[in-house]
Amino acid sequence: MEKAIYIVFSATPTGMGGIIRRATRNRYNHVSLSLSRDIHKMYTFARLHRDIPLYGGFVVESILRYQSFTGAARVKICRVEVPEPQLTCLHNYLERLWNEREEYIYNTPAALASLLHLRPAISKAYTCVTFVQEVLARFRLAGVRESDSPTVRALERRLAPYVIYEGSAPAAAGDWGEDTYPVQTTTRYAFYTTARHFGRLALRVLEGIA
């Protein structure tokens, strides 16, 4: 087991990714965590299917996502060493999240509020940035704190000493693994899952206020 994790910043080649980069004036709009240097498998919070942009949760991304549009995505990879006991706990934590992934959803309000450096707290809901920050802070890695500004730019600055690569995403081959991104869906399914997603967010906000 390699005693390190890899934080992957990416400029995702999607319409939504382009909008976010223009709004934030930042080169990268997304961040993921990988347990291997080849980053062919990454953990993050993102959309589950390519054709449903507003329905998201905890996903295991295949690097094939980054080559699924015209041109490969640009990435920045940071290597963060992890002591073996903490690495074992981190593996167990990610496995638990995956086993309970139906309970975890994408924090859409926080993604919007991050433009104002705000972090709306919703139970079991994360953005890509708040997820990676939470993991690094939980395991006391790279000096990251959960109270840090919840933006890709801020996390980039914090991890600047750990950069090992910046350029086009590595070439990939093979299947998609656990990643459901390329699965074709119907309009009815897209409407249902998007409505359900925002309904779950609203319910958790109300439960947090009560």
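User: I'd like to start with one residue. Leaving aside neighbours within four places in sequence, which residues is Ile-7 in contact with?

Analyst: Good place to begin! Keep in mind that this is a predicted model. Beyond those sequence neighbours, Ile-7 is in contact with Val-31, Ser-32, Leu-33, Lys-76, Ile-77, Cys-78, Val-80, Val-132, Leu-136 and Leu-159.

User: Which residues touch the most other members of the largest nonpolar core?

Analyst: That core has 35 residues, and Ile-7 is on the list, together with Ile-5, Phe-9, Phe-131, Leu-136 and Leu-159. Strands E1 (4-11), E2 (30-34), E3 (41-49), E4 (52-62) and E5 (74-81) each give two or more residues to it, as do helices H2 (84-99), H4 (128-138) and H5 (152-158). H4 supplies the largest share, six residues. Another core lies apart from this one; its eleven residues include Val-8, Met-42, Tyr-66 and Val-75.

User: Is H4 mostly covered or mostly open?

Analyst: Mostly covered: ten of the eleven residues in H4 are buried. Among them are Phe-131 and Leu-136, but also Gln-133 and Glu-134.

User: How do I read H2, and which of its residues are buried?

Analyst: You can check a helix by its length and then by its faces. At 1.5 Å a residue, the 16 residues of H2 should span 22 Å, and its end C-alpha atoms are 23 Å apart, which agrees. The buried residues of H2 are Leu-87, Leu-90, Tyr-93, Leu-94 and Leu-97. Looking down the axis of H2, you find these buried residues within an arc of 120 degrees, so they line one face of the helix. Pro-85 and Asn-99, on the other side of H2, are exposed. The cover over the buried residues includes E1, E2, E3, E4, strand E7 (125-126) and H4.

User: How many disulfides does the structure hold?

Analyst: First the idea: a disulfide is a covalent bond between the sulfur atoms of two cysteines. This structure holds zero of them. Take Cys-78: the closest cysteine sulfur to its own is in Cys-128, 14 Å away, so the two are too far apart for a bond. Surroundings vary among the cysteines, too: Cys-78 is buried, with a relative accessible area of 0%, while Cys-89 is partly exposed at 44%.

User: What about the backbone? Which residue just after H4 takes a positive phi?

Analyst: That is Arg-140, with a phi of about 55 degrees although it is not a glycine. Arg-140 sits in the loop between H4 and H5 and is exposed, with a relative accessible area of 77%. Now look at Ile-39, which is not a glycine either and has a positive phi of about 45 degrees. Ile-39 lies in the loop between E2 and E3, and it is buried, with a relative accessible area of 0%.

User: Now the whole fold, please. How many helices and strands does the protein have?

Analyst: The protein has six helices and eight strands. Along the sequence they follow the pattern β-α-β-β-β-β-α-β-α-β-α-α-β-α. For overall shape, compare the radius of gyration with a rule: here it is 16 Å, close to the 17 Å that the globule rule gives for 210 residues, so the protein is as compact as a globular protein of that length. Its C-alpha atoms fill a box of roughly 40 × 40 × 35 Å along the principal axes, and 47% of the residues are buried. Finally, of the contacts with a separation of 6 or more, 68% come from residues 24 or more positions apart.

Key
Residues numbered from 1 in each chain as written. Predicted model: local features only at pLDDT ≥ 70, side-chain atom pairs only at ≥ 80, totals over all residues. Heavy atoms only, no water. Core = buried A, V, L, I, M, F, W, Y, C linked by side-chain atoms within 4.5 Å. Buried < 20%, exposed > 50% of the residue type's maximum accessible area, 1.4 Å probe, protein only. Helix = DSSP H or I, 4+ residues; strand = E, 2+ residues; numbered from the N terminus. Contact = heavy atoms within 4.5 Å. Expected span 1.5 Å × (residues − 1). Arc of directions from axis to C-beta. Disulfide = S-S within 2.5 Å. Rg over C-alpha atoms; globule rule 2.2 N^0.38 Å.
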